[in-house]
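Okay, thanks for coming, everyone. I've got one structure to walk through today, so let's put it up on the screen.

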Amino acid sequence: MGSKAARSVMARRSARAAVVLLIALGGTLAGCEYTGDGGPQADPSATAGNVVLPPDPELEETVTGDALQEWAKSALPESQGKSFFSSSGYLNAGESKSEQTMQLPGGTYAVTLACRGTRRVMFAVKVGEAELVDLTLGCANARVNVVQLETDAVLSITVGSRSEANFAYRVSKL
């Protein structure tokens, strides 16, 4: 397939993913968190706003370098809001990585998660000890989780895999 045709396919995939994301997010901004005496805490029963984007079978191979950056850019559909934090990388078998966002202002956020490889990647997103997202995502997929922060907070994001994999994620304010 020529590069012009490949760009056309990628543009259609990105457009489809954006439409699915906008439709799903348009009506599902229910609260995913509650507060108590101990500050922000996750509401484990809240699942509104989670969107699974369609898998791409070409993504079973891991990549590095420029190919990793290109995949991360295409795997994370553009969001309507401001992007506050994003990351991507390579995981060896049995490896996990943890990162923290900067201080985020209270509000509603889309946490977009993606991976590529032959297995799964585990994603955990927390505010302090409160777990907002605990997800094992089959690779060649992306998922958008909507979270509500009642107050300013720092998100801790941990990714791990039992086999070689690539991961990418973005935190954007809606």
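Let me start with a question for you: which residues of helix H2 are buried? Before I answer, keep in mind that this is a predicted model. Right, so helix H2 runs over residues 65–75, and the buried ones are Leu68, Trp71, Ala72 and Ala75. They cover an arc of only 100 degrees around the axis, so they sit on the same side of H2. If you want the general background, an α-helix has 3.6 residues a turn, so residues three or four places apart point the same way. Now look at the face turned away from that buried side: there you find the exposed residues Asp66 and Lys73. And what do the buried residues of H2 pack against? Strands E4, E6, E9 and E11.

Let's stay with E11 for a moment. That's residues 165–173, and the strand is mostly covered, with 8 of its 9 residues buried. E11 pairs with strand E4, residues 83–91, in the antiparallel sense, over 8 bridges. One pair to click on there is Ser83, whose bridge partner in E11 is Ser172. E11 is also joined to strand E6, residues 107–117, by 9 bridges, and again the two run antiparallel. In that pairing, Tyr109 stands opposite Lys173 of E11.

Okay, on to the nonpolar core. The largest one has 27 residues, and the members that touch the most others are Leu113, Val121, Phe123, Leu149, Leu155, Tyr169 and Val171. Which elements give two or more residues to this core? They're E4, E6, E7 (120–127), E8, E9 (141–149), E10 and E11. Take Val171 as an example. Leaving out neighbours within four places in sequence, its contacts include Phe84, Phe85, Leu104, Val111, Leu155 and Ile157. Some polar residues are on that contact list too, among them Lys82, Ser83 and Thr101. There's also a second, separate core, this one of 11 residues, including Leu59, Val63, Ala72 and Ala140. You've met Ala72 already: it's one of the buried residues of H2.

Now the other piece of sheet I wanted to show. It's an open sheet of 4 strands in the order E5-E10-E7-E8, with antiparallel pairing. Strands E5 (96–100) and E8 (130–138) are at the edges with a single partner strand each, so one side of each has no neighbour in the sheet. From one strand to the next, the twist averages 15 degrees. Zooming in on E5, 5 bridges join it to E10, residues 155–160, and the two run antiparallel. Glu99 is the one standing opposite Ile157 in E10.

Last stop, the start of E6. Gly107 is in that strand, and it's buried, with a relative accessible area of 13%. How far apart are Gly107 and Leu149 in sequence and in space? They're 42 residues apart in sequence but 5.1 Å apart C-alpha to C-alpha. If you skip residues up to four places away in sequence, Gly107 touches Val147, Gln148, Leu149 and Lys173.

Then there's Thr108, also in E6. Buried or exposed? Its relative accessible area is 16%, and the cut-off for buried is under 20%, so Thr108 counts as buried. The side chain of Thr108 makes a polar contact with the side chain of Gln148, at 2.4 Å.

That's my tour, so over to you for questions.

Notes. Residues are numbered from 1 along each chain as its sequence is written. This is a predicted model: local features need pLDDT of at least 70, side-chain atom pairs count only at pLDDT 80 or more; totals for chains, interfaces and linings use all residues. Side-chain values use heavy atoms; hydrogens and water are left out. Two strands pair if DSSP finds at least two bridges between them. Axes are lines fitted to C-alpha atoms, for helices over the stretch in contact, and angles run from 0 to 180 degrees between N-to-C directions. Buried means under 20% relative accessible area, exposed over 50%, partly exposed in between (1.4 Å probe, protein chains only). A nonpolar core is a set of buried Ala, Val, Leu, Ile, Met, Phe, Trp, Tyr and Cys residues joined through side-chain atoms within 4.5 Å. Contact means heavy atoms within 4.5 Å. The arc is that of the directions from the helix axis to the C-beta atoms. A polar contact is a pair of N or O atoms within 3.5 Å; within protein, one must be able to donate a hydrogen and the other to accept it, and residues adjacent in sequence count only if both atoms are side-chain atoms.
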